[in-house]
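Reader: I would like a close look at one part of this model, with the residues placed one by one. Please start from a single position and work outwards.

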Amino acid sequence: MVKKLLSALSGEANAIPPIWLMRQAGRYLPEYRALRAKAPNFIQFCLNPELAAEVTLQPVRRFGLDGAILFADILLIPHALGQSVAFVENEGPKLEPIRNVAALAELSDARATEILSPVMQTIKNVHAALPAGATLIGFAGAPWTVATYMIEGHGGTDFDNCRRMAWTEPKLFDALMDKLVAATSSYLIAQADAGAEALQIFDTWAGAAPAPLFDRAVIAPTAKIVRAVKAKYPKLPIIGFPRASASHLAHYVKETGVDGIGIDQTTDLSWARDTLPAKVTLQGNLDPALLLAGGEAMEREARAILATMKGRPYIFNLGHGVLQPTPPDHIARLVEIVRRG
Ligand code: CP3
């Protein structure tokens with residue numbers, strides 16, 4: 001049986017599109033919260049192959065989704081490179097910021113493979129228990145988005161330090177990007193070695209990159225990673241998600257060579273359908289706030305998306321991750337609408 005998500009990524013239009021949701025594993029699920037309570041340290045939780053595999057599978061079992069996204073975090077890469085990363089309750093990630101050559105020099109990939117090896121075991125565990133028809137999706141953060149956390153030291157900023165470094169200290173910035181390209185390429189190749197069947201590169205903050213720097217900050221590093229993965233796995237599909245960067249999307253698709261592209265909710269889906277090359281598979285676009293709201297508005301908009309993408313290769317997904325207060329029943333209803341109209 002050809003898996004639906006893989007057939008969509010190979011350019012086939014399924015009468016019923018495959019569906020998975022970004023951040024489908026997480027605190028909105030009571031069964032996630034129960035396991036999370038056993039591992040107060042979030043990094044250790046991600047690096048526990050039994051717990052991480054179980055959490056990966058929870059939403060796939062509960063909702064019958066077509067994709068199982070590996071449970072991990074984009075900030076495991078800075079952690080593996082030796083930067084101090086902590087997840088503080090109700091505050092989000094906190095990192096020791098990297099703003100100069102000395103701090104950059106302290107990053108080392110010497111132990112990265114070993115530190116990240118539990119993630120590969122998680123992939124093997126998920127593989128062994130994956131429901132038939134579901135596709136195992138590996139992922140990493142794109143260098144720009146990961147660098148925003150590494151340079152700022154936390155989320156919820158306007159990335160002033162990051163943008164200033166990219167403009168005024170190009171050597172330092174490019175050296176950081178190069179380290180991230182190398183570490184992320186090895187990490188994604190290791191995920192494919194372990195059994196990941198598709199990969200997604202999350203560039204959540206791509207839209208914050210100044211337009212003149214977009215090539216250097218977003219496109220070139222992503223293109224290098226795609227090339228490195230495809231050198232070993234030419235047929236492994238890769239989905240790019242440069243969030244909130246509509247004006248760069250066509251260029252991004254052309255230059256990076258991704259097979260699929262995530263469309264956030266600020267981007268017009270029919271515009272993307274008519275503007276981007278037909279060979280790239282579109283994914284996403286439903287506003288996570290509609291999934292949170294549920295009811296008539298969610299149902300109407302989900303059907304509108306299905307109508308817009310009828311006859312085209314498409315993967316149903318949100319424009320960004322599931323919001324924490326989302327009632328799980330809304331996801332069950334969404335899956336029903338996608339499958340039964
Ligand atoms: O999609 C999935 O279900 C797979 C797992 C996944 C997580 N993070 C689990 C997680 C994925 C794909 C990510 C990606 C990620 N992590 C991104 C890119 C996508 C996006 O959502 O924008 C980013 C920017 C991060 C960094 C990060 N990790 C942030 C900003 C936070 C929130 C901090 C907080 O305390 O809420 C996290 C933590 C995180 N990653 C959680 C989960 C389930 C919540 C942690 C918890 O259980 O306490």
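Author: Leaving out neighbours within four places in sequence, T204 is in contact with T145, F241, R243 and H320. The model is a predicted one. T204 itself lies in the loop that runs between β5 (198-203) and α11 (214-232). T204 has a relative accessibility of 13%, so T204 counts as buried, the limit being under 20%. A further pairing across the sequence is that of T204 with V146: the two are 58 residues apart along the chain, and their C-alpha atoms are separated by 9.2 Å.

Of the contacts of T204, T145 can be followed next. T145 is part of helix α8, a helix that spans 143-152. With a relative accessibility of 1%, T145 counts as buried, because that value is under 20%. Not counting residues up to four places away in sequence, T145 touches I74, F202, D203, T204, W205 and A206. In one of these pairs there is a short distance between named atoms: a polar atom of the T145 side chain lies 3.0 Å from the backbone nitrogen of W205.

W205 also leads on to the loop after α8. D158 and W205 are 47 residues apart in sequence, and their C-alpha atoms are 9.8 Å apart in space. D158 is in the loop between α8 (143-152) and α9 (160-168). The relative accessibility of D158 is 59%, so D158 counts as exposed, the limit being over 50%.

F159 is placed in the loop between α8 and α9 as well. F159 has a relative accessible area of 7% and is therefore buried. The backbone of F159 has a positive phi of about 65°, although F159 is not a glycine.

G155 is another residue of the loop between α8 and α9. At 24% relative accessibility G155 counts as partly exposed, because the value falls between the 20% and 50% limits. Apart from residues up to four places away in sequence, G155 touches P93 and Y149. The C-alpha atoms of G155 and E91 are separated by 8.9 Å, with their positions 64 residues apart along the chain.

From here the path goes to the residues around β3. N90 is in the loop between β2 (85-88) and β3. N90 has a phi near 65°, a positive value in a residue other than glycine. The relative accessible area of N90 is 75%, so N90 is exposed.

On the other side of the strand, E96 is found in the loop between β3 and α6 (101-105). E96 has a relative accessible area of 54% and is exposed, because that value is over 50%. With residues up to four places away in sequence set aside, E96 touches Q83, S84 and M150. For one of these, Q83, the separation from E96 is 13 residues in sequence and 6.7 Å in space, C-alpha to C-alpha.

The ligand can be reached from T204 by way of H320. H320 is in contact with T204, and H320 is also one of the residues that come nearest to the ligand, together with R23, R27, Y32 and D73, out of 23 residues around the ligand. The ligand sits in the largest pocket. The elements that give two or more residues to the shell around the ligand are α2 (30-36) and β3 (92-95).

Three distances between ligand and protein atoms can be given. A polar atom in the side chain of Y32 lies 2.4 Å from an oxygen atom of the ligand. An N or O atom in the side chain of D73 is 2.6 Å from a nitrogen atom of the ligand. For Q24, a backbone N or O atom lies 3.1 Å from an oxygen atom of the ligand. The ligand taken alone exposes 870 Å², and the protein buries 89% of that.

To draw the pieces together: T204 is buried at 13% and T145 is buried at 1%, and the two are in contact. In the loop between α8 and α9, D158 is exposed, whereas F159 is buried and G155 is partly exposed. H320 connects the two topics, as a contact of T204 and as one of the residues that come nearest to the ligand.

Key. Residues are numbered from 1 along each chain as its sequence is written. This is a predicted model: local features need pLDDT of at least 70, side-chain atom pairs count only at pLDDT 80 or more; totals for chains, interfaces and linings use all residues. Side-chain values use heavy atoms; hydrogens and water are left out. Helices (H or I, at least four residues) and strands (E, at least two) are DSSP runs, numbered from the N terminus. Buried means under 20% relative accessible area, exposed over 50%, partly exposed in between (1.4 Å probe, protein chains only). Contact means heavy atoms within 4.5 Å. A residue is near a molecule or strand if one of its heavy atoms lies within 4 Å of it. A polar contact is a pair of N or O atoms within 3.5 Å; within protein, one must be able to donate a hydrogen and the other to accept it, and residues adjacent in sequence count only if both atoms are side-chain atoms. Accessible areas come from the Shrake-Rupley method with a 1.4 Å probe; for residues, only the protein chains shown count as cover. On a 1 Å grid over the protein atoms alone, a cavity is a set of points where a 1.4 Å probe fits but cannot get out, and a pocket is an open set with protein on both sides within 12 Å along at least five of seven lines; lining residues have an atom within 4 Å of a point. A molecule sits in a cavity or pocket if more than half of its atoms lie within 2 Å of its grid points.
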